[in-house]
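Reader: I should like a close look at the aromatic pairs of this protein, set against its overall architecture and surface. Please give one connected account.

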Amino acid sequence: MASKRKSDAEARTERFTWFLLVLIFAVLYIIPEQNVPKWVVPTSGAIILLGSGVYQYSRKWRVSPVTWIAGTLMLILALINIQVNRDQDFLGLALLTFAAVIGAGVITGET
């Protein structure tokens, strides 16, 4: 069975998603951490990952389960931060999740 090659638009969308994930941490590096609520990173990650998944799916492109799982995890962490424990810091877990998404994309060729 021959594998289907991604279109340039699909590959560009995935790279842009990765760029946005890295941009979150670049912005955190520039802005003092005390000024950013703890729920911002997981919420941003959820919006980026789930938004990318919906966008790709609407174009009938294949969306990796890693994107859906990581986006859902970020949404759950954001809801925990907002509804349950505003003091819980998920920055480290978010960084690991974003790295896993990018790493899986590099290894498998899809996210």
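Author: The accessible surface of the protein comes to about 7100 Å², and carbon and sulfur atoms account for 67% of that area. These values, like those that follow, are computed from a predicted model. Of the 111 residues in the protein, 36% are buried. As to charge, the protein carries 10 positive and 7 negative charges, and the mean positions of the two sets lie 10 Å apart.

The fold contains four helices and zero strands, so that its pattern, read along the sequence, is α-α-α-α. The C-alpha trace spans about 50 × 25 × 20 Å along the principal axes. The radius of gyration is 15 Å, which agrees with the value near 13 Å that a compact globule of 111 residues would have. Where contacts join residues at least 6 apart in sequence, 71% of them are between residues at least 24 apart.

Turning to the aromatic residues, a search of the whole structure finds three aromatic pairs. One of these is formed by Phe25 and Phe98, whose ring centres are 5.5 Å apart. Their planes meet at 70°, and because an angle over 60 degrees counts as edge-to-face, the pair is placed in that class. This pair links distant parts of the chain: Phe25 belongs to helix H1 (residues 8-30) and Phe98 to helix H4 (residues 91-108), with their positions 73 residues apart in sequence. Phe25 and Phe98 are both buried.

Another of the pairs consists of Tyr55 and Trp61, with ring centres 6.1 Å apart. The planes of these two rings stand at 75°, so this pair is edge-to-face as well. The two partners are covered to unlike degrees: Tyr55 has 36% relative accessibility and therefore counts as partly exposed, whereas Trp61, with a relative accessible area of 16%, is buried. The cut-off that matters here is 20%, because a residue is called buried only under that value.

Tyr55 falls within the range of helix H2 (40-58), and the loop between H1 and H2 holds Pro32. Pro32 has a relative accessible area of 42% and is therefore partly exposed. From Pro32 to Leu79 the separation is 47 residues in sequence, and their C-alpha atoms are 23 Å apart in space.

Conventions
Residues are numbered from 1 along each chain as its sequence is written. This is a predicted model: local features need pLDDT of at least 70, side-chain atom pairs count only at pLDDT 80 or more; totals for chains, interfaces and linings use all residues. Side-chain values use heavy atoms; hydrogens and water are left out. Helices (H or I, at least four residues) and strands (E, at least two) are DSSP runs, numbered from the N terminus. The radius of gyration is taken over C-alpha atoms; the globule rule is 2.2 Å times the number of residues to the power 0.38. Buried means under 20% relative accessible area, exposed over 50%, partly exposed in between (1.4 Å probe, protein chains only). Contact means heavy atoms within 4.5 Å. Accessible areas come from the Shrake-Rupley method with a 1.4 Å probe; for residues, only the protein chains shown count as cover. Lys and Arg count as positive and Asp and Glu as negative; His and the chain ends are not counted. The place of a charge is taken as NZ of Lys, CZ of Arg, CG of Asp or CD of Glu. Rings of Phe, Tyr and Trp (its six-membered ring) pair if their centres lie within 6.5 Å; planes under 30 degrees apart count as stacked, over 60 as edge-to-face and the rest as tilted.
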